[in-house]
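Me: Please take a close look at one part of this model. I would like a connected account of the longer-range packing and the surface around that part.

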Amino acid sequence: MAKLRGLVLVGVLGAVLFTASPALAGPARPATVSVTAAHVAAAPVPAQTQPPGPVLDPAQTDKANTEKTKNKLVAGLLAVVLLGIVIWGRRIRSKKAKKS
């Protein structure tokens, strides 16, 4: 019975950690770099019409996040079901071994 409790505890803990949101982790601090130049040449800077880098659409980002969360929940549920099948099978096998 103690082994069964241990397996259930490990399974539940694994499912919780597997489905935990990555937003719980603290944000990474960017490294700061300082550069000094003795002589800087004045060069004309072209005008930018768009900000540099990709443009992210919040609606698409939210949709992607919900799909990822749904996939994690399905995978976690599947892991718990498979763990239950394994525990149930071991219990049945141990009962058959005790009879013979």
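Reply: What follows is a walk along helix α2, with the chain as a whole as background.

The model is predicted. The chain has two helices and zero strands. Of its 100 residues, 5% count as buried. The accessible surface comes to about 9600 Å². Carbon and sulfur atoms hold 67% of that surface.

Now the helix itself. Helix α2 covers residues 58-99. Its partner, helix α1, covers residues 2-18. The two axes come within 9 Å and cross at roughly 170°. An angle over 145 degrees counts as roughly antiparallel, so α1 and α2 are roughly antiparallel to each other. On the α1 side, the contact is made by L4, L7, V8, G11, A15 and F18. On the α2 side, K72, A75, G76, V80, L83, I87, R90 and R91 take part.

Next, T69. This residue also sits in helix α2. T69 is partly exposed, because its relative accessible area is 45% and the partly exposed class lies between 20% and 50%. T69 and T19 are 50 residues apart in sequence. Their C-alpha atoms are 7.9 Å apart in space.

Last, the nonpolar surface. L77, L78, V81, L82 and I85 make a nonpolar surface patch of about 480 Å². One of these patch residues, L82, has its place in helix α2. L82 has a relative accessible area of 48%, so it is partly exposed. That value is also over the 30% that patch residues need.

Technical notes: Residues are numbered from 1 along each chain as its sequence is written. This is a predicted model: local features need pLDDT of at least 70, side-chain atom pairs count only at pLDDT 80 or more; totals for chains, interfaces and linings use all residues. Side-chain values use heavy atoms; hydrogens and water are left out. Patches are made of residues with over 30% relative accessible area and no salt bridge: like charges are joined within 9 Å, nonpolar side chains (Val, Leu, Ile, Met, Phe, Trp, Tyr) within 5 Å. Accessible areas come from the Shrake-Rupley method with a 1.4 Å probe; for residues, only the protein chains shown count as cover. A salt bridge is a side-chain nitrogen of Lys or Arg within 4 Å of a carboxyl oxygen of Asp or Glu. Helices (H or I, at least four residues) and strands (E, at least two) are DSSP runs, numbered from the N terminus. Buried means under 20% relative accessible area, exposed over 50%, partly exposed in between (1.4 Å probe, protein chains only). Axes are lines fitted to C-alpha atoms, for helices over the stretch in contact, and angles run from 0 to 180 degrees between N-to-C directions. Angles under 35 degrees count as roughly parallel, over 145 as roughly antiparallel, 65 to 115 as roughly perpendicular and the rest as oblique. Contact means heavy atoms within 4.5 Å.
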